[in-house]
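Biologist: I am new to reading models. Please pick one part and walk me through it closely.

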Amino acid sequence: MSTPVTTASRPAPATSGAQGSAPRLRGPRKRTEGRLPRRSVLLTVLTGLVLLYSLVPLAWLVISATKTQEGLARSFGLWFSGDFALWDNISETFTYNDGVFTRWLLNTVLYVVVGAGGATLLAVLGGYALAKFTFPGKRAVFAVIIGAVAVPGTALAVPTFLMFSEMGLTNTPWAVIIPSLISPFGLYLMWVFATEAVPDELLEAARIDGASEVRTFFQVVLPLLAPGIVTVLLFTVVATWNNYFLPLIMLKDPDWYPLTLGLNSWNAQAATAGGEAVFNLVITGSLITIVPLIAAFLLLQKYWQSGLAAGSVKE
Amino acid sequence: MRMNARRLLRGIALVSALTLGATACGGSDDSAAEQKPVSAKDIDAALKKGGTLKVWAWEPTLKKVAADFEKEHPKVKVDLVNAGTNADQYKALQNAIAAKKGVPDVAQIEYYALGEYALTKALDKLAPYGADKLAGKYSPGPWNSVKSGKDVYALPMDSGPMAMFYNKKVFDKYKLKVPTTWDEYVKTARDLHKANPKAYITADVGEGGTATSMLWQAGSRPYKVDGTKVKIDFSDAGAEKYTDTWQKLLDDKLIAPITGWTDDWYKGLGDGTIATLTTGAWMPANFVSGVKDASGDWRVAPLPQWTEGDTTTAENGGSSLALPTLGKHKELAYAFAEYANAGKGVQTRIKEGAFPATTADLESDAFQNTAFPYFGGQKANKIFAESAANVGRGWSYLPYQVYANSIFNDTVGKAYVSGTKLADGLKAWQDASVKYGEEQGFTVEK
């Protein structure tokens, strides 16, 4: 019961300042491991509420995905209707409109692999360089990164659109991929992580042994950074997978839509003269859309938890 | 004058669209100040030569039309893109025009939004293509809607002469009479809600398009437009009739607070919560696909009247196909618009459930005698066609109606949720529309 709660509530401290709060959360728990765990009714109730709060929408989604268009209107939201149509819904989702959903799914995967993958790569390279090398202007770079973390991407979307349309990049996948490559928060996280996780002595030892900087980076540093990399990767994957506003203004051609835009266009269909209401497909599509994210979190859970904590405790 | 950021952005979009129109007029060759006439021969030649035509439209029936058009002209490829519905597409179109990139060759634009594009010279005049000869083909409502001054800026695609859809099952159950006047409508609303507190005569949370159509039918003509000179006045007798009646419904909470086009709304239409719907004749297709459960329950009746025995109606919704000035392949674009809206495409679209704007089709026996299984076999098109013939004359929208409708909820919408009177709401809407018009450089007469 308690495991899902902690995972579900973890993203909050992570975004607000993972370095500060994570160790304090973990520290005391380690010390109490030997004794009987303390129980608090209040805390149990609170975590129960949070669990309910986060699981009810998910339950609604799963239940609703089993209903037909008529069943959705006919039945209570949080319980099943008579006809179980999940499999029909799934197959219709993939075949509706000549199977455009598959195309959107592949687009999203493309944006995530290139965009989030690239963002992570850049964050790792930059974070390591900033942590372990001194060069003029480092403080200025720091100021820029902190500033960039504070500016929401949404605010930059319109200026980016105007710039990209000058360059003729709108309505191409690049319009989504290029802005996704930049992750100031990821860079900041990698910087802090690399500072702590890679001992200077180790780098010196490698250099004395005659390893080139490139070799040091790939063979010595990268393995040490692995937990941090997974953390940053998860952040950027989630951000790119859920990206809505940027593709909304950049893309007009449904062939390049990611899932978020595609589902929205299906939803909007119901609101137009002569349009076909396909709420059942919108819901089933949404469920299919979140499955890979949930899978990624569950599979990489171990890494990214240790990623948040590691590097924050000084030996 | 202080402007907030959103308004500033809109201003910029409009200004850049204006300058764009100006430069396009002065500079580029295919749309010089005086558009040169395009003959039928030019169009034929272009069709033979072929090319890829970019069409932005969300109208679902165009898919089949585009396929047929490609079959008839094998060298032409129609790239039909749904760039968003209604306001979403206008935003995209405005962006594309401002950036001078990615502007489609043909764009679907609703009647109420057309004025804005005509005024900013973002659209080709269609008379040089021969569109003026089509005047007799369309019913007067839609044809007037695609004109601005003397110029034709688009070809009418469909129309929305209003009628009243009512749930017969609900009416029968509570032994209600189908109202023929708005006074009867209010009485029916009371009787229904008394008989079943969960049922409402209709659903409305305040929506500009519906309200303007109601005003239209009531004889109000709040907008007078002459180029950049605009007059906005909601104090005529027609507006008063509308606010008086609708206020009664609001005061007694007889209207379901359900936003149109949401899943809740579809649900309400299906389960008897929403008993009537006064809207455009394009609605049947949405009933068939969105409210499958209530098949056979609904019927169509003429729009209730303000004076007993009258037959005046109004248009609600409907859209056109226009040729953006910055688009390419002009000849192909016009050929497609004409094919879809005046040629063979019309029949194709009627078969797919669209409601035409062409008189020949509206008056044809085949059309009028079509029985709708959804409406229990009723020949609903007869009612729609009669409504189309009786649309009140002389209505015009603002050249910035898209914006005006977008602030409807901030002003008139208050009457739906608080003690504000509907009439005061209209006054507030008028003031806000006047202010915006002045900011945009219109000469606004109050």
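Modeller: What follows is a close look at chain B. The model is predicted, so local features need pLDDT of at least 70 and side-chain atom pairs count only at pLDDT 80 or more, while totals for chains, interfaces and linings use all residues. Residues are numbered from 1 along each chain as its sequence is written, and chains are lettered from A and ligands numbered from 1 in the order in which they are written.

Start with the domains. Chain B is assigned two stretches for each domain (the bounds come from an automatic or database assignment). Domain 1 of chain B covers 5–158 + 318–359, and domain 2 of chain B covers 162–314 + 393–445. Their C-alpha centres are 29 Å apart.

Now look at where these domains meet. Domain 1 of chain B puts 15 residues in contact with 16 residues of domain 2 of chain B (contact: C-beta atoms, placed from the backbone, within 7 Å). On the domain 1 side, three helices of chain B each give at least two residues: α1 (5–26), α4 (87–99) and α5 (111–119) (helices are DSSP runs of H or I, at least four residues; strands are runs of E, at least two; both are numbered from the N terminus). The most comes from α5(B), with 5 residues. By class, this side of domain 1 of chain B holds 8 nonpolar, 4 polar and 3 charged residues (nonpolar: Ala, Val, Leu, Ile, Met, Phe, Trp, Tyr, Cys and Pro; charged: Asp, Glu, Lys and Arg; polar: the others, Gly among them).

Next, turn to the partner chain. Here 30 residues of chain B are in contact with 25 residues of chain A. Helix α4 of chain B supplies at least two residues to the side that touches chain A, and so do α11 (263–271) and α12 (283–290) of chain B. The largest share belongs to α11(B), with 5 residues. This side of chain B divides into 11 nonpolar, 12 polar and 7 charged residues.

Last comes a sheet. It is open, has 3 strands in chain B and runs in the order β12-β7-β13. The pairing is antiparallel (two strands pair if DSSP finds at least two bridges between them). At the edges sit β12 (276–280) and β13 (298–301) of chain B, each pairing on one side only. Strand β7 (residues 162–167) of chain B is joined to β13(B) by 4 bridges, and the two run antiparallel. One bridge is easy to look up: F165(B) is partnered by V300(B) in β13(B).

Technical notes:
Contact = placed C-beta atoms within 7 Å.
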